[in-house]
Structure formats: structure tokens, C-alpha cells
Amino acid sequence: QGSLLSEQDEIRQHINTFAMVQWRPSEKILLDGGLNLNFLSYKLETGYRSDSTDQSGQYNYQPVLSPRLGISYQHHKNHHLYASAGHGFSAPSLEETLLPEGAVNTELLPETGWNFELGNRGFFFGERISYDITLYMVLLDNLLVTERLAEDIFTGANAGKARNTGLELWSDFAIMQAKEQKSLSLNTSLSYALSSNVFTDFVDDEISYTGNRLPGIPSQVLNFMFSADWRGADLKLHYQFFGSQWMNDENSKKYEAYQLLNLQAGWLIKIPGDLFSIRIYGGIRNILNSLYSSMILVNAPSFGGREPRYYYPGNPRQYHLGATLYFR
């Protein structure tokens with residue numbers, strides 16, 4: 001509604017060329033290498049601009065060359081040590097390039113970075129316990145961040161350099177494996193991520209945020225799942241923990257850690273004649289009735305004398321019940 005500010009068409013063209021090679025110098029060692037070359041250009045046609053500025057033309061990003069090298073070593077029958085180093089990039093989206101007055105930010109650069117990983121994966125006891133543990137570091141350049149200019153107006157901006165380091169762990173444990181359809185099976189799975197994310201070079205409006213933590217990223221995330229199945233009945237318990245996180249570039253506002261617990265149960269009933277079956281299920285979400293925010297608005301602005309809205313509250317404890325009908 002209201003007066004037309006701008007009318008523009010943008011046509012994006014991506015060209016990706018890539019090659020990959022694998023070499024196994026011995027039975028226990030596997031080497032792989034890759035090379036990706038990306039070309040990105042877009043054609044902009046201005047039909048109308050309220051300020052009569054014409055941005056029509058062909059725009060091209062510099063070609064991005066992204067190599068990768070990895071190695072995997074089988075140091076035990078069921079365990080592999082692996083390491084990799086690779087380059088990647090992320091081009092600005094259409095929304096990130098738009099400016100409030102209807103123009104397009106043609107100076108916005110793709111985010112690029114180097115990723116380094118070192119890890120080990122494998123399994124024990126005939127694959128009943130599987131695991132994967134990884135240490136990583138990502139060095140980012142021309143980091144893409146969101147700049148909120150008004151309560152409902154935002155644009156993208158390049159924020160210098162950042163370093164993301166962390167630990168990721170995943171495991172799955174089949175406590176009891178079902179040998180037949182009517183047997184009891186019990187299973188647990190766990191995933192955990194610990195990260196430290198720092199601006200290594202970021203100056204905005206002559207204010208330096210170098211050395212500050214990146215906002216909007218929890219310091220820890222843990223997911224634990226327990227599931228049980230027996231004779232068509234199933235039970236799932238899901239626990240989540242989210243560590244504290246900063247809410248602004250200044251690191252002056254912090255959102256503390258919180259946890260969630262969910263439960264769901266179901267029962268599959270087969271109707272005689274096998275024409276159809278029905279599954280009845282129900283559960284409780286947020287059993288602990290935790291007060292938490294389902295979304296954090298990073299660098300939330302303040303308008304009209306109101307307090308900045310950093311938090312979008314999550315749902316309190318809730319119950320659900322449902323049924324699904326299956327026809328053969």
C-alpha cells in the first residue's frame with residue numbers, strides 16, 4: 001500500500017564448475033581433493049525509482065576459486081581418523097542486497113572462508129554404539145550480517161573478519177535391538193556442539209567490535225533423545241539444552257541458557273483384514289514449562305521511545321493429541 005517506491009527486475013546467473021579426485025595409496029589411507037570455480041553475475045533493470053536513479057546494467061562478482069583437500073586413515077578396524085581443509089563462499093541473497101529506498105547495494109561482497117576439521121569416527125560392539133567427534137575452525141572474510149535500519153526494515157552488510165572454532169560430538173547407542181517385529185527395542189542418541197565465535201576485524205560506524213563474540217549463536221547446544229518401541233507402541237523423550245548467547249555486537253546484553261523437555265507416545269493399531277491401520281499419538285511439549293525465547297532478534301533497534309524487542313517468546317507447556325489413518 002502507499003506510493004510506489006521502486007520497480008526493478010534482477011536476473012541472477014550462477015555457473016559452477018567443479019572436479020573431484022580420490023586416491024587410495026594404501027588399504028588404510030584415502031586421500032580426496034576437490035576444486036570448485038564459481039561465477040556469479042546479475043542483470044539489473046530499473047523500471048521505476050522514486051528518485052529517478054537508474055541502476056540498470058550488468059554486474060559481476062569476482063570469480064571464486066574454492067579448493068579442498070581431505071585425508072582419512074583407518075587406524076583400527078572400525079575407527080577412522082580424518083582431517084580436511086577447504087574453502088567456501090556464500091553470495092549475498094536478493095533480500096540482503098536491497099536498500100530501504102528501493103536501490104540495490106552493488107558493493108556487497110560474497111562471504112568467503114576457510115574451514116579446517118580434525119576428527120574421528122567409528123563404532124563399537126557390532127555397530128551398537130556409533131560415534132563421530134570433530135574439532136573445527138572456520139576463518140571468515142567479508143562476513144555477511146544483518147543491519148536493522150528500522151523496526152521492519154533491514155539490509156545486509158559486510159562485517160570484516162571472524163573466527164569460529166568449536167567441538168561437535170554425535171553418538172548413537174542401541175541399548176536393546178529388536179530381533180523381531182514384536183521385540184522391545186531401546187535406543188539413545190546424543191549430539192553436542194561447543195563453539196567460540198569471535199570478530200577478528202570488525203569496525204562499524206567508527207566503533208570497533210574486534211575481539212567481541214558474534215551475537216545470536218549459543219555457546220553450547222545439546223540434544224538427547226531416548227526412544228522405545230514395542231508391539232506397535234512407541235515412546236520418545238527429547239531433551240534440549242541451549243547455552244548462553246550475546247544479543248548484540250557490543251556484547252552488552254546476554255541471553256542466559258535454557259532447557260526444554262518434550263515427550264511423545266504413539267500406538268499403531270492394525271485393523272483385522274489389513275485394509276487399513278490407525279496410529280494414535282499424543283504428547284507434552286515443554287514439560288518443564290521453561291520460560292524461553294524461540295528467537296532472538298540480534299541488535300534489536302529502539303523506535304518511538306520503546307524498549308528494543310530482543311525476545312520472541314516460545315510456547316509454554318502444551319499438550320497435543322492426534323491420529324493418522326493408513327490405507328493399504
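How many nonpolar, polar and charged residues does the lining of the largest pocket have? In this predicted model, the lining has 11 nonpolar, four polar and six charged residues.

The largest pocket has a volume of about 360 Å³. Of its 21 lining residues, Glu 147, Asp 204, Tyr 209, Asp 249 and Asn 299 are the closest to the centre. Strand 8 (144–150), strand 9 (153–158) and strand 12 (203–204) each give two or more residues to the lining. Strand 8 provides the largest share, with five residues.

The count of salt bridges is six. Three of these pairs are listed here.

| Pair | Closest N to O distance |
|---|---|
| Arg 68 and Asp 32 | 2.4 Å |
| Asp 132 and Arg 121 | 3.3 Å |
| Asp 234 and Lys 236 | 3.9 Å |

Arg 68 forms its salt bridge with Asp 32. Arg 68 belongs to strand 4 (residues 64–76) and Asp 32 to strand 2 (residues 29–49), so the pair ties together parts 36 residues apart in sequence. Arg 68 is partly exposed at 39% relative accessibility, whereas Asp 32 is buried at 15%.

Asp 132 and Arg 121 are joined by a salt bridge. Arg 121 is partly exposed, with 37% relative accessibility.

Asp 234 is buried at 11% relative accessibility, while Lys 236 is partly exposed at 36%. Shared partners join Asp 234, Lys 236 and Arg 279 into one network of salt bridges.

On the surface, Phe 173, Ile 175, Met 176, Leu 184 and Trp 230 make a nonpolar patch of about 420 Å². Strand 10 (residues 161–176) gives the largest share of this patch, three residues. Met 176 lies in strand 10 and is partly exposed because its relative accessibility is 37%.

Technical notes:
Residues numbered from 1 in each chain as written. Predicted model: local features only at pLDDT ≥ 70, side-chain atom pairs only at ≥ 80, totals over all residues. Heavy atoms only, no water. Patch = residues over 30% accessible without salt bridge, like charges linked within 9 Å, V, L, I, M, F, W, Y side chains within 5 Å. Areas by Shrake-Rupley, 256 points an atom, 1.4 Å probe, with all protein chains shown as cover. Salt bridge = Lys/Arg side-chain N within 4 Å of Asp/Glu carboxyl O. Helix = DSSP H or I, 4+ residues; strand = E, 2+ residues; numbered from the N terminus. Buried < 20%, exposed > 50% of the residue type's maximum accessible area, 1.4 Å probe, protein only. 1 Å grid on protein atoms, 1.4 Å probe; cavity = no way out; pocket = protein on both sides within 12 Å on 5 of 7 lines; lining within 4 Å. Points joined across faces, edges and corners; volume = space filled by probe spheres on them. Nonpolar A, V, L, I, M, F, W, Y, C, P; charged D, E, K, R; others polar.
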